[in-house]
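Thanks, everyone. I'll take a few minutes to walk through this model, from the overall layout down to single residues.

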Amino acid sequence: MNFEDFSISTNVKKAIKDMGFEAPSPIQEKVIPEIAEGHDVIGQAQTGTGKTAAFGIPLVDKVTNDKHVQAIILTPTRELAIQVSGELQKLSQHMNVRTLPVYGGQSIGHQIKALKRGVDIVVGTPGRVLDHLRRGTLKLQNVHTVIMDEADEMLDMGFIEDIESILKQVNRDRQTLLFSATMPFPIRKLSNKYMQKPKHISISKGEVTAPSINQVYYKVLEKNKLDSLCRIIDSEQVELGIVFCRTKKGVAELTEALQARGYMADGLHGDLTQTQRDQVMKKFRDTTVEFLIATDVAARGIDVQNVSHVINYDIPQDPESYVHRIGRTGRAGKKGMALTLVTPREMKHLRSIESEIGMQIPTQTIPTIEEVVEKQQATWKYQVANTIESDVDWSMYEPMAEELLNEYEAKDVVGALLMTAFQGTSNIEDDGYDFGETGAAQGMVRFFINVGRNVELTPKKLAQEVAQLVGISEKNVGKIDLFENFSFIEVPEDAAPFVYEGLRHSRLNGARINLEPAKPRKKR
Ligand SMILES: Nc1ncnc2c1ncn2[C@@H]1O[C@H](COP(=O)(O)OP(=O)(O)OP(=O)(O)O)[C@@H](O)[C@H]1O
Ligand SMILES: [Mg+2]
């Protein structure tokens, strides 16, 4: 299929061409004709597959330049309102259509002036839209189209009251369009209240996350998280990365820690002023900042070219958040990496995300110090060679260099200088779990499991259950001694914290597992 096949104006077709779109994406192909026919539509397709243009193309084709607001698009965040408004402006670049973003944090006077001059499409966050409605500076009586981008978020608890107040002011005859990569059943059911005979168009049958995203998780220990993150990003080839944290405070702390270690990182969260938020986004889009550290404020809809990595420094709260966060990479046909750090306590949460997205996320081990050092040394060598070959003036160091070379062997001088430079880059820390002497084989930790009564088990079954519960390979569960209702199992030292945290509060066939490191057998 081709964009030429749609019955849309040549001006819109020309804009689509200018934007470099060659063929419509699957959601665009299905949804554009339905919207053009005037249907209400619930459109669901994976992240980064062009949902914005799917509603944007028929919308700009429909609006006329009559200086009355004819369409309103609601988005959950300010950044998304700005971005969606920008995409609509591009789609209508050869037409006389005015699109205005209205959002909190920006001077309301400025927005009022623009609204007075006449606007055809408003893209806004619910709070600021309501503010304008109360002031009478925005009128919705001529609105024929209401669009909710990230609709499941907009109809969720945080926004639903505002949405209802806004919808009350729009003609019932309107066309209502909902879009998102995720649409949980309760929200889809609720949405019927605001729509008329909606057409459900879903592209992501079965596969919730975009297949272009390569997902892995790393088992990390809480106290080593920062080190683990640094090792991961030092060993990956990151073009641009978004690192998600749970809280604003977490974002601020991680940003500071990464900056202190020399990474080009900047933070984005709701406690910053709008000017600061705009600056951070601009720096990230311009690639002057390599890592955007953010709360879920950046999880939905944000489209930045060349984001190669998304890293969940803190595991997301719910499966939807996971899907949207990782969807910031692997967009529009490009490949992306999504890495999630998981502490022992969070293993169960990971499993529930996996079951919701319908796939198992493979695990990878944190690169060893040796691997990272190897990479770092290659980088250092490259930098030193580069400096030697450049025309940088280091004449001020020459007398010192001569002095050192007179007194010591050249190899020792260089070695000592490199060591000074390398020192303190990374260190293996102990993991904070001390299981003591458990009488296990070399390199293993032995646990005593009280499996409770009435549980039928074989050693093989127990090994399988343990492996599954804590997310390690069955092969890694070592020796098992199974008695009537208790057992000893041995697992490798590095898996021990995961077994410990994973099994401590677990149940097996409904029976509680009580687990503790085994007491060492007395030496005879
Ligand atoms: N037909 C097309 N051909 C090529 N690129 C496209 C096409 N349609 C959209 N794009 C580009 O693909 C990228 C992703 O589009 P968009 O932001 O609309 O995705 P989305 O489906 O809304 O994702 P999310 O669920 O994350 O909001 C954008 O950069 C957009 O310009
Ligand atoms: Mg979108």
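Start with domains: their bounds come from an automatic or database domain assignment. This is a predicted model, in which local features need pLDDT of at least 70, side-chain atom pairs count only at pLDDT 80 or more, and totals for chains, interfaces and linings use all residues. Residues are numbered from 1 along each chain as its sequence is written, while chains are lettered from A and ligands numbered from 1 in the order in which they are written.

The assignment splits the protein chain into domain 1 (3–203), domain 2 (209–364), domain 3 (370–425) and domain 4 (444–517). The C-alpha trace spans about 90 × 80 × 45 Å along its principal axes. Helices and strands are DSSP runs, numbered from the N terminus: H or I of at least four residues for helices, E of at least two for strands. The protein chain has 19 helices and 20 strands.

Next, burial. A residue is buried if 20 or more other C-beta atoms lie within 10 Å of its own, exposed if 12 or fewer, and partly exposed in between, with C-beta atoms placed from the backbone. Of the 524 residues in the protein chain, 41% are buried.

Contacts next. Two residues are in contact if their C-beta atoms, placed from the backbone, lie within 7 Å. Take the contacts with a separation of 6 or more: 76% of them join residues 24 or more positions apart.

Now the first sheet on my list. Two strands pair if DSSP finds at least two bridges between them. Seven strands make an open sheet, ordered E3-E4-E2-E5-E6-E1-E7, with parallel pairing. Its edges are strand E3 (99–102) and strand E7 (199–202), each paired on one side only. From one strand to the next, the twist averages 15°. Such angles run from 0 to 180 degrees between N-to-C directions, with axes as lines fitted to C-alpha atoms, for helices over the stretch in contact.

Inside that sheet, four bridges link strand E2 (residues 71–74) and strand E4 (residues 121–124) in the parallel sense. Leu-74 faces Gly-124 of E4 there. Helix H4 (residues 78–91) packs on the sheet and touches E2, E3, E4 and E5. The direction of H4 makes about 175° with that of E3.

One residue to pick out is Val-146, in strand E5 (residues 145–149). Why does Val-146 count as buried? Because Val-146 has 23 C-beta neighbours inside 10 Å. Leaving out residues up to four places away in sequence, Val-146 touches Ile-72, Leu-167, Val-170, Arg-174 and Thr-176. Ala-114 is 32 residues from Val-146 in sequence and 20 Å from it in space, C-alpha to C-alpha.

Helix H5 (residues 108–117) is hardly covered: one of its 10 residues is buried. Gly-118 follows H5, with a positive phi near 110°.

On to the second sheet. Again seven strands form an open, parallel-paired sheet, in the order E10-E11-E9-E12-E13-E8-E14. Strand E10 (265–268) and strand E14 (363–364) are the edges, each pairing on one side only. Helix H10 (residues 225–235) packs on this sheet, touching strand E8 (213–219), strand E9 (241–244), strand E12 (309–312) and strand E13 (336–342). H10 and E13 make about 160° in direction.

At the E10 edge, four bridges join E10 to strand E11 (residues 291–294) in parallel. Leu-268 is opposite Ala-294 of E11. Helix H12 (residues 274–285) lies across E10 and E11, at about 140° to E10.

Now E8. Five of its seven residues are buried, so E8 is largely enclosed by the rest of the structure. Seven bridges connect E8 to E13 in parallel, and two connect E8 to E14, also in parallel. Tyr-218 has Leu-341 as its bridge partner in E13 and Gln-364 in E14.

Last, the ligand. Where does ligand 1 lie? Domain 1 and domain 2 both give residues to the shell around ligand 1, so it lies between them. Here a residue is near a molecule if its C-beta atom, placed from the backbone, lies within 6 Å of it. The shell has 18 residues, the closest being Phe-21, Gly-50, Lys-51, Thr-52 and Ala-332. Helix H3 (residues 51–62) gives the largest share, three residues.
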